[in-house]
Amino acid sequence: MKTISLTYPLPRDLQPDPCAIALGYFDGVHIGHRRVIQKAIDTAKANGWKSAVMTFDPHPREVLGQTGYSQYLTPLADKLEQLEKMGVDLTYVIRFDIAFAAVYPEDFIAECLLPLNCRHVVVGFDYTFGYRGMGTAQTLLAASEGRYGVDIIGPVNRLGEKVSSTIIREYLHHGDVEQTRLLLGRPYKIRGVVVHGDKRGRTIGFPTANVRVSRPYLIGKNGVYGVRFSVDGQSHRGVMNVGIKPTFELEKKEKSLEVHIFDFQGDLYGKEVEVEFLFFIRDEQKFSGVDALIAQIREDVEYAKRKFAEANV
């Protein structure tokens, strides 16, 4: 997949191949997003065009000062990886800034869509664009004038509710990573680097890998999770504590992510790793002492091993 970064106004010397393009921010690249993107891929293949995605960076809501959007389900690099896995030929990443936010819908079509040689446009039913979101899917259709085709994809529902990035964020905030997995179509995953921590885990019989995230991921509810930990092309099962370690810490600080990996020996410091959230075990809590903590961790590990065996994940 080829990725092209653009700023508004677009360069005048673009000479792109004809394409069918999916428009959207696509945070998470969840099962609803995938239906939109797949339609663009299928249309492109049927007509001998390139399949394309137009997305934006950073999130428009972050630029416009709305809270809660400085962290992402899929930071840009992760989103591009998912699009490549789907078989997208070309992704345009447009820098979203105040100037771009002020572009009116008709100007977006004339100055951003048509110069990219878009022969067909695919959007979700609730897609909005242009100044204050004045443009809608119907705007694209009404303004096409035979210059491009339009497909408007209806909502994707799962268990009676519309799949959306907002709903997935809510599930993560409540620790419901199993429901998150259903809506994403894959486990929620973060990437990071193993760094030195306080090394307290090894003193109580449960050594941990302290993971520092390398991208602005949304980290959900504090607590203990069953996880899949991948490093050097190998996957391992484990439990991860997300939180502030209240039994030891005297004052609140930044969240830490510490993974106890089952049956693992080796030096992980400095290595890039992936952690997939598979199931929630319990809330983070403060214990009366180290012995109580050790007993609870032992229970957590045994519970996780049973759950892994039952679910075969």
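**Figure 1. The whole chain, with its 10 helices and 16 strands**. Welcome to the overview: the secondary structure of this protein chain comes to 10 helices and 16 strands, and the model you are looking at is a predicted one. Computed along the principal axes by computation, the C-alpha atoms fill a box of roughly 70 × 40 × 40 Å. Of the 313 residues, 49% count as buried. The chain exposes about 15400 Å², and carbon and sulfur atoms supply 48% of that area. How far apart are the mean positions of the positive and negative charges? For the 40 positive and 39 negative charges, the two mean positions are 2 Å apart. Among contacts with a separation of 6 or more, 74% are between residues 24 or more positions apart.

**Figure 2. Strand S4 and its parallel partners S1 and S3**. A little background helps here: strands of a sheet pair through backbone hydrogen bonds, either parallel or antiparallel. Strand S1 (residues 2–6) runs parallel to S4, and 5 bridges join the two. One place to look is Lys2, whose bridge partner in S4 is Leu90. Strand S3 (residues 50–57) also runs parallel to S4, joined to S4 by 6 bridges. On this side, find Thr55, which stands opposite Val93 in S4. Why is S4 described as largely enclosed by the rest of the structure? Strand S4 spans residues 90–95, and 5 of its 6 residues are buried, so the rest of the structure largely encloses it.

**Figure 3. Ser51, a buried residue of strand S3**. Now zoom in on Ser51, which has its place in strand S3. Is Ser51 buried or exposed? Its relative accessibility is 3%, and a residue is called buried under 20%, so Ser51 counts as buried. Leaving aside residues up to four places away in sequence, Ser51 touches Ala20, Ala40, Ile41, Ala44, Gly87, Val88, Asp89 and Leu90. You have met Leu90 already, as the bridge partner of Lys2.

**Figure 4. A closed barrel of 6 strands**. Follow the barrel strand by strand in the order S11-S12-S15-S14-S13-S16, with antiparallel pairing. From one strand to the next, the twist averages 45°. For a closer look at one pair, take strand S14 (residues 234–243) and strand S15 (residues 256–261), which run antiparallel and are joined by 6 bridges. Here Gly243 stands opposite Ser256 in S15. Which strands does helix H8 lie across? Helix H8 (residues 177–184) lies across strand S11 (188–195), strand S13 (223–231) and strand S16 (272–283), and runs at about 130° to S16.

**Figure 5. Ala209 and its neighbours in the barrel view**. Ala209 has its place in strand S12 (residues 209–213). With 4% relative accessibility, Ala209 counts as buried. Not counting residues up to four places away in sequence, Ala209 touches Val194, Phe229, Leu257, Glu258, Val259, Ile261 and Leu268. Pick out Glu258 from that group: Ala209 and Glu258 are 49 residues apart along the chain, while their C-alpha atoms are separated by 5.4 Å.

**Figure 6. Leu293 in helix H10**. For the last view, go to helix H10 (residues 290–311), where Leu293 is found. Leu293 has 10% relative accessibility and so counts as buried. How far from Leu293 is Tyr25 in space? From C-alpha to C-alpha, Leu293 and Tyr25 are 42 Å apart, and 268 residues separate them in sequence.

Definitions and conventions:
Residues numbered from 1 in each chain as written. Predicted model: local features only at pLDDT ≥ 70, side-chain atom pairs only at ≥ 80, totals over all residues. Heavy atoms only, no water. Buried < 20%, exposed > 50% of the residue type's maximum accessible area, 1.4 Å probe, protein only. Helix = DSSP H or I, 4+ residues; strand = E, 2+ residues; numbered from the N terminus. Pairing = 2+ DSSP bridges. Contact = heavy atoms within 4.5 Å. Areas by Shrake-Rupley, 256 points an atom, 1.4 Å probe, with all protein chains shown as cover. Lys, Arg positive; Asp, Glu negative; His and termini not counted. Charge placed at Lys NZ, Arg CZ, Asp CG, Glu CD. Axes fitted to C-alpha atoms, helices over the stretch in contact; angles between N-to-C directions.
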